[in-house]
Amino acid sequence: MKEILELPPLFLWGFFCFSNFLENIFPPWPGDTITVFSGFISSAPNSPVSFGSVVIATFLGNLFGGLVMYYFGESFLKFLKRTRIPVLSNLYHEESLHKTLVWFRKYENVVVLLSRFSAGIRFFVSIVAGMSKMNIIKFVILYSIAVSLWCGLLLFGGSFLGSNWNQIIVILSYYNRTIIGILLVVFLYFLYQMFGKSNTKLT
């Protein structure tokens with residue numbers, strides 16, 4: 001802990017910013033854990049970084065990461081349409097993709113707002129937003145609100161609990177398991193609706 005507090009402020013700020021950016025493009029990265037920890041660091045006595053500077057680092061890292069994945073989704077869709085590489089061209093199914101994008105456009109406001117609250121879907125939402133050509137200004141506004149709400153809770157929790165910040169990680173673990181369970185049930189329900197109805201029609 002002492003060694004961390006002795007690090008240059010710019011280094012810590014850059015690391016926290018990069019951590020939030022990396023989480024958007026590499027989901028296994030423990031971004032939430034580091035965000036909580038950064039809140040704790042900002043509240044430590046003689047901390048080289050203030051709470052406000054950590055908030056800015058968290059926000060900018062997430063926003064930049066979200067925009068990178070947004071433009072990746074837009075470019076990746078164009079690439080899939082044009083590619084002649086068998087493995088990649090098989091990923092492009094016009095009808096299925098069209099249905100997905102139509103559904104997303106219908107609920108895009110809610111999906112982008114809620115995506116930040118689930119580690120299981122936040123990675124894909126920015127990509128699909130780019131694929132569906134969601135209005136970039138609307139995306140930035142909604143994504144910023146989502147980041148502010150979710151990361152604000154993590155930062156405040158880490159700062160408020162101080163040395164007990166790791167209690168939030170335990171809560172996050174149970175929370176993520178619950179969300180993943182709910183998403184799995186919803187996914188299985190959609191599969192049942194899709195294939196169950198198809199089998200009924202065939203009989």
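This is a short walk along helix α8 and some of the aromatic rings in the model. Keep in mind as you click around that the model is predicted.

**Stop 1: the start of the helix.** Select Asn135 and Ile137. At the start of α8, an oxygen in the Asn135 side chain comes to within 3.0 Å of Ile137's backbone nitrogen.

**Stop 2: the whole helix.** Now select residues 136–161, which make up α8. How far apart are its end C-alpha atoms? They sit 37 Å apart, and this agrees with the 38 Å that 26 residues should span at 1.5 Å a residue. Look along the helix to Cys151, where α8 bends by about 25°.

**Stop 3: the buried residues.** Stay on α8 and colour its buried residues, among them Leu142, Ala146, Val147, Trp150 and Leu154. Cys151, the site of the bend, is buried too.

**Stop 4: an aromatic cluster.** Phe139 and Tyr143 are also on the buried list for α8. Add Tyr70 and Tyr71 to your selection, and you have one aromatic cluster made of these four residues.

**Stop 5: a stacked pair.** The structure holds eleven aromatic pairs. One of them is Phe156 with Phe160, a stacked pair with 5.8 Å from centre to centre and 15° between the planes. The two are about one helical turn apart because they lie four residues apart in α8. Are these rings buried or exposed? Phe156 counts as exposed, at 54% relative accessibility, and Phe160 counts as exposed at 64%.

**Last stop: just past the helix.** Click on Gly162, which follows α8 and has a positive phi, near 60°.

Methods
Residues are numbered from 1 along each chain as its sequence is written. This is a predicted model: local features need pLDDT of at least 70, side-chain atom pairs count only at pLDDT 80 or more; totals for chains, interfaces and linings use all residues. Side-chain values use heavy atoms; hydrogens and water are left out. Rings of Phe, Tyr and Trp (its six-membered ring) pair if their centres lie within 6.5 Å; planes under 30 degrees apart count as stacked, over 60 as edge-to-face and the rest as tilted. Buried means under 20% relative accessible area, exposed over 50%, partly exposed in between (1.4 Å probe, protein chains only). The expected span of a helix is 1.5 Å times one less than its number of residues. The bend at a residue is the angle between axes fitted to the seven residues ending there and the seven starting there. A polar contact is a pair of N or O atoms within 3.5 Å; within protein, one must be able to donate a hydrogen and the other to accept it, and residues adjacent in sequence count only if both atoms are side-chain atoms.
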